[in-house]
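Colleague: I have a new structure open and would like to learn how to read it. Could you take me through a few features?

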Amino acid sequence: MRAFSDLEKQLILRMIELDDKSDSLNVLGNIIDSFYGKSHLPDHCYVELKSPTDVSIQIREDVLEINGQDWIRIVDSDISKKLLIVVALFEYLETQKLAYFMGDLDLDSLGEVWIDTKYSRCEFLDDDLKALIYKYSRKKIFVSETLRVFVNNNFKTDEELRHEKEVSSIAEQLKFTRIALVMSIAGLIISVLVPILVTSEVDI
């Protein structure tokens, strides 16, 4: 099992939290609130899911008019990067059978869509990323027991825990070896000094 970044650990913990709640839906849209707090995405935008090839970021026109084109690139970079991190993590967990992605939920967006609000479509997402976002946005997630144990072990595998135990055991042995060595040296010094002191006392 590969190492996970702090951000990936945060996402995995969120997955397990949602998986344990009977009244919560463990899906991508609810997991990415780890990035943005209570709302799934910034309230000025959402991700529209029409098909594996038609996925786009929709930004409120009023916000767009205020902030301009340069701001759009910042928003796109932020959302695209975070979605890429999530779907790449999902792909790995699915391949390793650490999590299972089931069903095909009828979800057509990520984030909150405001009623009677005009949005502008932004075509920034890579085609390969679109397909993955669409796929994982519509799947319900089930966390494996293997992943739960891994998380409970502070994100360490059994092999890593055994290695840590071995290192700890070796360190403990070295500690006693050092103590024994110090005692041996002390005994040697005493065995040398005592006859000298006794001889000196007799001479006097």
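Modeller: Gladly; we will go through salt bridges, a helix, the cysteines and a surface patch. Please keep in mind that this is a predicted model.

Colleague: Let's begin with charges. How many salt bridges does a search of the whole structure find?

Modeller: The general idea is that side chains of opposite charge can pair when their charged atoms come close. Here the search finds 13 salt bridges. One of them joins Asp 20 to Arg 148, with the closest N and O atoms 2.9 Å apart. Asp 20 lies in helix α1 and Arg 148 in helix α7, so this pair ties together parts that are 128 residues apart in sequence. Asp 20 is exposed at 52% relative accessibility, whereas Arg 148 is buried at 16%. Both also belong to a network of salt bridges with Asp 19 and Glu 145.

Colleague: Which residue forms a salt bridge with Arg 121?

Modeller: That is Asp 54, and the closest N and O atoms are 2.5 Å apart. This pair links distant parts of the chain, with Arg 121 in strand β5 and Asp 54 in strand β2, 67 residues apart.

Colleague: And what about a pair inside one helix?

Modeller: Look at Asp 127 and Lys 130, which both lie in helix α6, three residues apart, about one turn of the helix. Their closest N and O atoms are 3.7 Å apart. Asp 127 is exposed at 55%, while Lys 130 is buried at 7%.

Colleague: Since we are in α6, is Ser 137 buried or exposed?

Modeller: Ser 137 is buried, with a relative accessible area of 1%. Its side chain reaches the backbone oxygen of Ile 133 at 2.5 Å. Leaving aside neighbours within four places in sequence, Ser 137 is in contact with Leu 28, Leu 49, Leu 107 and Leu 110. At the start of α6, a side-chain oxygen of Asp 126 comes to within 2.9 Å of the backbone nitrogen of Asp 128.

Colleague: Now the cysteines. Why is there no bond between the sulfurs of Cys 45 and Cys 122?

Modeller: A disulfide needs the two sulfur atoms within 2.5 Å. The sulfur of Cys 45 is 8.8 Å from its closest cysteine sulfur, in Cys 122, so they are too far apart for a bond. The structure holds zero disulfides. Cys 45 is buried, at 0%, and Cys 122 is buried too, at 6%.

Colleague: Finally, which residues form a nonpolar patch on the surface?

Modeller: Tyr 100, Met 102 and Phe 142 form it, with about 290 Å² of accessible area together. Tyr 100 lies in strand β3 and is partly exposed, at 38%.

Methods
Residues numbered from 1 in each chain as written. Predicted model: local features only at pLDDT ≥ 70, side-chain atom pairs only at ≥ 80, totals over all residues. Heavy atoms only, no water. Patch = residues over 30% accessible without salt bridge, like charges linked within 9 Å, V, L, I, M, F, W, Y side chains within 5 Å. Areas by Shrake-Rupley, 256 points an atom, 1.4 Å probe, with all protein chains shown as cover. Salt bridge = Lys/Arg side-chain N within 4 Å of Asp/Glu carboxyl O. Helix = DSSP H or I, 4+ residues; strand = E, 2+ residues; numbered from the N terminus. Buried < 20%, exposed > 50% of the residue type's maximum accessible area, 1.4 Å probe, protein only. Polar contact = N/O pair within 3.5 Å; in protein donor to acceptor, adjacent residues only side chain to side chain. Contact = heavy atoms within 4.5 Å.
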